[in-house]
Amino acid sequence: AGDGVMKLAEAMENSALALERRLAGNHDRLEGILRISSAEWFANYVLAPVLGELTRRHPAIVPEVIASFRLLNLSRRDADIAFRIVPFTDPDIVQRRLMSMPYALYGTPENAQKMVVDPASVGLILMNTEQSHFPDVAWLLERFPQSRPAFKSTSRAIQAQMCRCGMGVAVLPQPLGDATPGLQRIATPDLPPSRDIWVGYHQDLRHMDRLRAMLDIADSMLAFKES
């Protein structure tokens, strides 16, 4: 009996969420909150100018950024639109590849010099264990097998700060690494693998004007970053 009631409750919840999404998607005025999900570094160093231009053109739109590495549920309206480095798997999500994000190896000038003389003396700053499958982690471990892991974090911004403190070298998105004082790019025979940035939103929101306005600005401002 409990299982039967649970199924009915879930169906009611899904219907209510669908109604909420469609009402939001039919909102034809350029005003209101636009909930945006992205990693903190992406919001800080890539998305910020886009959001600034959005509010300049449409002052009644209020961007609400949810800065987290967690993959939020767009079907439940955890966010209206999301930017992330992996494609979406939900069949109800409209998605596309927005841009290619270049990465590079960064360190302090002192650590950059040490990498030339004795790479084993410099620690590696990596993603956490759960994200150890990321291609930049594999690239870093393969290029410097004698170097020891010195620090791990889910946050690229924290990695950059630990790198700045001299804890080791890190592979960082170039917009973040280039903008962090005290860090410099370290030349390598080949660059770390780039990552695609995907943007997605629920199909029920495809007519939401404030979402469309942001996507138009993001396309015009980020297209030049294609590698």
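**Exercise 1. Find the order of the strands in the open sheet formed by 5 strands, and name its edges.**

Step 1. Fix the terms. Strands (E, at least two residues) and helices (H or I, at least four) are DSSP runs, numbered from the N terminus. Two strands pair if DSSP finds at least two bridges between them.

Step 2. Read the order. The 5 strands of this open sheet run 7-6-8-5-9, with mixed pairing. At the edges stand strand 7 (149–152) and strand 9 (184–185), each of which pairs on one side only.

Step 3. Know the ground rules. This is a predicted model: local features need pLDDT of at least 70, side-chain atom pairs count only at pLDDT 80 or more, and totals for chains, interfaces and linings use all residues. Residues are numbered from 1 along each chain as its sequence is written, and side-chain values use heavy atoms, with hydrogens and water left out.

**Exercise 2. State which way strand 8 runs against strand 5 and strand 6.**

Step 1. Recall the principle. Strands of a sheet pair through backbone hydrogen bonds, either parallel or antiparallel.

Step 2. Take strand 5 (residues 103–107). It is antiparallel to strand 8, with 4 bridges joining the two. Ala170 in strand 8 stands opposite Tyr106.

Step 3. Take strand 6 (124–126). Strand 6 is parallel to strand 8, over 2 bridges. Here Leu124 stands opposite Val169 of strand 8.

Step 4. Follow Tyr106 to strand 9. Its bridge partner there is Arg185. Strand 5 and strand 9 are antiparallel and are joined by 2 bridges.

**Exercise 3. Explain why strand 8 is largely enclosed, and name the helix that lies across it.**

Step 1. Set the cut-offs. Buried means under 20% relative accessible area, exposed over 50%, and partly exposed in between (1.4 Å probe, protein chains only).

Step 2. Apply them. In strand 8, 5 of the 5 residues are buried, so the rest of the structure largely encloses this strand. In the chain, 43% of the 227 residues are buried.

Step 3. Find the helix. Helix 4 (residues 135–143) lies across strand 5, strand 6 and strand 8 (169–173). Helix 4 runs at about 165° to strand 6. Axes are lines fitted to C-alpha atoms, for helices over the stretch in contact, and angles run from 0 to 180 degrees between N-to-C directions.

**Exercise 4. Decide whether Arg156 is buried or exposed, and list residues in contact with it.**

Step 1. Locate it. Arg156 is in helix 5.

Step 2. Classify it. Arg156 counts as buried because its relative accessibility is 5%.

Step 3. List partners. Contact means heavy atoms within 4.5 Å. Beyond neighbours within four places in sequence, Arg156 is in contact with residues including Trp41, Tyr103, Asp136, Val171 and Leu172.

**Exercise 5. Count the disulfides, then explain why Cys165 has no such bond.**

Step 1. Apply the rule. A disulfide is a pair of cysteine sulfur atoms within 2.5 Å. The count is 0.

Step 2. Check Cys163. Cys163 is in no disulfide, and the nearest cysteine sulfur, in Cys165, is 9.3 Å away.

Step 3. Give the reason. The sulfur of Cys165 is unbonded because the closest cysteine sulfur, in Cys163, is 9.3 Å away, too far for a bond.

Step 4. Compare surroundings. Cys163 is buried, with a relative accessible area of 0%, whereas Cys165 is exposed at 62%.
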